[in-house]
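Visitor: Hi, I'm new to this one. Could you walk me through it while I look?
Guide: Happy to! Here it is.

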Amino acid sequence: VDGPFITVDCLTIPEDLMESELFGHEKGAFPGATSKKIGKFELAGNGTIFLDNIGEMSLKTQAKILRVLQEKKFQRLGGSRVLDINARFIAASNKPLEKEILKGGFREDLYHRLNVVPIEVPPLRNRKDDIPVLVNTFLAECTTKMLSSDALELLSNHSWPGNVRELKNLVNQIAIMTDKSIIDVSDIP
């Protein structure tokens, strides 16, 4: 698929702004809409839309997403022109959506529409071999410091209940708080 990769974090966008973010809006579509806004679907064009934390999306918005997936068309809020969408959709959730369906918090039809090629990423505690690669990647993003083998072993043996985000935050904290070029066990909180 040619085109941009557009990320939408469904957890961080307030529900009352979600439709405007996804579909865009025309000037005057609602109070405060002082100009036209291009939404994420239109920005994606022939690219990819990544709906992160889709389990946090309201049932109302889920229904609208389902319609876009089925018809490959949408309209900006307040608009009359039908726009085509040819983007690939990828969705992620940290909630088990099958359980959300049973509780009435996620649409089963949307789940089946999105669940074409499921990819389950096991928790970091079950992927200990990934930890050294991730640590070195995160360190390289923020510093030239290195981790001692003992420090790396300590990190590899932690259970990481917050998964990769927790590991990244800790690595960033260590990089900021340590003056030494080689980070050792004693430098890890």
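Visitor: Let me jump right in. By class, which residues make up the lining of the second largest pocket?
Guide: That lining has six charged residues, five nonpolar ones and one polar one. Keep in mind as we go that this is a predicted model.

Visitor: Got it. Which residues are they?
Guide: The second largest pocket is lined by Glu19, Phe23, Lys64, Arg67, Val68, Glu71, Lys73, Phe74, Gln75, Arg76, Leu77 and Val82. Two or more of the lining residues come from each of α1 (15-23), α3 (59-71) and β5 (73-74).

Visitor: Which element gives the largest share there?
Guide: That would be α3, with four residues.

Visitor: And how much space is in that pocket?
Guide: About 220 Å³.

Visitor: What about the largest pocket, what volume does that have?
Guide: The largest pocket has about 1,300 Å³. It is lined by 34 residues, and the closest to its centre are Ala91, Ala92, Ser93, Ile119 and Val121.

Visitor: Which elements give two or more residues to that lining?
Guide: Those are β4 (48-52), β7 (88-91), α4 (97-103), α5 and α8 (163-177). The largest share, four residues, is from β7.

Visitor: How does the lining of the largest pocket split by class?
Guide: There are 19 nonpolar residues, nine charged and six polar.

Visitor: You mentioned Val121. Where is that found?
Guide: Val121 is in the loop between α5 (108-114) and α6 (130-142).

Visitor: Is Val121 buried or exposed?
Guide: Val121 has a relative accessible area of 57%, and anything over 50% counts as exposed, so Val121 is exposed. Val121 also belongs to a nonpolar surface patch of about 460 Å², together with Val116, Val117 and Ile119. Ile119 and Val121 thus turn up in that patch and among the residues closest to the centre of the largest pocket.

Visitor: Nice link! Changing topic: how many cavities of 30 Å³ or more does the structure hold?
Guide: One. The largest cavity holds about 30 Å³ of space, and its lining is made by Glu26, Arg76, Gly79, Ser80, Arg81 and Leu83.

Visitor: What classes are those residues?
Guide: Three are charged, two are polar and one is nonpolar. Arg76 lines this cavity and also lines the second largest pocket.

Visitor: Back to α1 for a second. Which residues are buried there?
Guide: In α1, the buried ones are Met18, Glu19, Ser20, Leu22 and Phe23. Two of those names, Glu19 and Phe23, came up in the lining of the second largest pocket.

Visitor: Glu19 and Phe23 are four numbers apart. Why would residues spaced like that point the same way?
Guide: An α-helix has 3.6 residues a turn, so residues three or four places apart point the same way.

Visitor: And what follows α1?
Guide: Gly24 follows α1, with a positive phi near 80°.

Visitor: Which residues other than glycine have a positive phi?
Guide: Trp160 is one of them, with phi near 50°, and Asn163 is another, at about 55°. Trp160 is in the loop between α7 (149-156) and α8, while Asn163 is in helix α8.

Visitor: How does accessibility look for those two?
Guide: Trp160 has 2% relative accessibility, so Trp160 counts as buried. Asn163 has 27% and counts as partly exposed.

Conventions:
Residues numbered from 1 in each chain as written. Predicted model: local features only at pLDDT ≥ 70, side-chain atom pairs only at ≥ 80, totals over all residues. Heavy atoms only, no water. Patch = residues over 30% accessible without salt bridge, like charges linked within 9 Å, V, L, I, M, F, W, Y side chains within 5 Å. Areas by Shrake-Rupley, 256 points an atom, 1.4 Å probe, with all protein chains shown as cover. Salt bridge = Lys/Arg side-chain N within 4 Å of Asp/Glu carboxyl O. Buried < 20%, exposed > 50% of the residue type's maximum accessible area, 1.4 Å probe, protein only. 1 Å grid on protein atoms, 1.4 Å probe; cavity = no way out; pocket = protein on both sides within 12 Å on 5 of 7 lines; lining within 4 Å. Points joined across faces, edges and corners; volume = space filled by probe spheres on them. Nonpolar A, V, L, I, M, F, W, Y, C, P; charged D, E, K, R; others polar.
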